Amino acid sequence: AVVSTQSTGIRSKPALSNVTRILRRKVTALSILDANRARNAMIIQRRVAMPAVDIARSVEETDLARLPVWAVELLHGCVPSREESALLLKQSEKLKQYGEAELFCYHLCKVSRYDRKLGVMQFIGTFDEMHARLTAQVTAIQRASVSVKE
C-alpha cells in the first residue's frame, strides 16, 4: 500500500509496526504447548531473567551459584511432559519456527533427566534449612523422652 502525505506531497510505503511484526511471528510460530502452559513458561523465564541456554547449562551442571534455589523451585513447575519433550525434540529441525515458550522448553528438555536434576538442586539448596529444623525437632523429642522416662 502506498500512502501519500498531504503536507509534503511525498509518497512512501509505511513501515511495519512492531505490533504487526509480533502478530506475524505469532501466526507463523509453531506452537506445541497449550496457551496457558506457554504463558506460564514465559513468566518463569522472565522472573529468572536468564536465557534458556544458560538455565539449561546451570541445570546440567547442577550449579546453584548461577541458578538460585528460588529459581530452581520456579523451574520445577515448568518441567515439559514426556509428550511435549518428544515432540519438541522430534521437530527440532523447525527450531526457527518455534514460539518463545517452545524455544525455552526445547532447551530445557535437551537436558538429560531435567526434572530429577532440578529435584536434586532443590534438595541441596534447602538442605541446611531442613537440617536445622529437623535437628531442633529431634532435640525436642529427645528431651521429651528423657522427661517421660524419669
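These legends go with a set of close-up views of one predicted model.

**View 1. The whole chain, element by element.**
Let's start with the overall layout. The chain has seven helices and two strands. Starting from the N terminus, you meet the elements in the order β-β-α-α-α-α-α-α-α. The chain is made of 150 residues, and 26% of them count as buried. Now take the contacts in the chain with a separation of 6 or more: 66% of them come from residues 24 or more positions apart.

**View 2. Helices α5 and α6 cross each other.**
Here we zoom in on a pair of helices, α5 (residues 82–90) and α6 (residues 100–109). Their axes come within 9 Å and cross at roughly 100°. An angle from 65 to 115 degrees counts as roughly perpendicular, so that is how α5 and α6 sit relative to each other. Which residues make the contact? From α5 it's S85, L88 and L89, and from α6 it's E102, C105, Y106 and C109. Sort the residues of this contact by type and you get five nonpolar, one polar and one charged.

**View 3. L87, a residue of helix α5.**
Stay with α5 for a moment, because L87 has its place in this helix. Is L87 buried, partly exposed or exposed? Its relative accessible area is 35%, which makes L87 partly exposed, since the buried label is kept for values under 20% and the exposed label for values over 50%. If you leave aside neighbours within four places in sequence, L87 is in contact with I32 and Y98. You can also look across to Y106: L87 and Y106 are 19 residues apart along the chain, and their C-alpha atoms are separated by 9.4 Å.

**View 4. Helix α7 and its kink.**
This view follows helix α7, which covers residues 114–149. How far should its 36 residues span? At 1.5 Å a residue, the expected span is 52 Å, and the end C-alpha atoms are 49 Å apart, so the two values agree. Look along the helix and you'll find a kink of about 50°, centred on F127. The buried residues of α7 are Y114, K117, L118 and M121. What covers these buried residues includes α3 (52–60), α4 (69–76) and α6.

**View 5. S58, tucked into helix α3.**
Next up is S58, which sits in helix α3. Its relative accessibility is 0%, so S58 counts as buried. Who are its partners, once neighbours within four places in sequence are left aside? S58 is in contact with M50, D63, R66, L67 and M121. You've already met M121 as one of the buried residues of α7.

**View 6. T62 and R113, a pair of loop residues with positive phi.**
Finally, here are residues to check for their backbone angles. T62 is not a glycine, yet it has a positive phi of about 45°. You'll find T62 in the loop between α3 and α4. With a relative accessible area of 34%, T62 is partly exposed. R113 isn't a glycine either, and its phi is positive too, at about 55°. R113 belongs to the loop between α6 and α7. Is R113 buried or exposed? Its relative accessibility is 56%, so R113 counts as exposed.

Note on methods: Residues numbered from 1 in each chain as written. Predicted model: local features only at pLDDT ≥ 70, side-chain atom pairs only at ≥ 80, totals over all residues. Heavy atoms only, no water. Axes fitted to C-alpha atoms, helices over the stretch in contact; angles between N-to-C directions. Helix = DSSP H or I, 4+ residues; strand = E, 2+ residues; numbered from the N terminus. Parallel < 35°, antiparallel > 145°, perpendicular 65-115°, else oblique. Contact = heavy atoms within 4.5 Å. Nonpolar A, V, L, I, M, F, W, Y, C, P; charged D, E, K, R; others polar. Expected span 1.5 Å × (residues − 1). Bend = angle between axes of the 7 residues up to and from the residue. Buried < 20%, exposed > 50% of the residue type's maximum accessible area, 1.4 Å probe, protein only.
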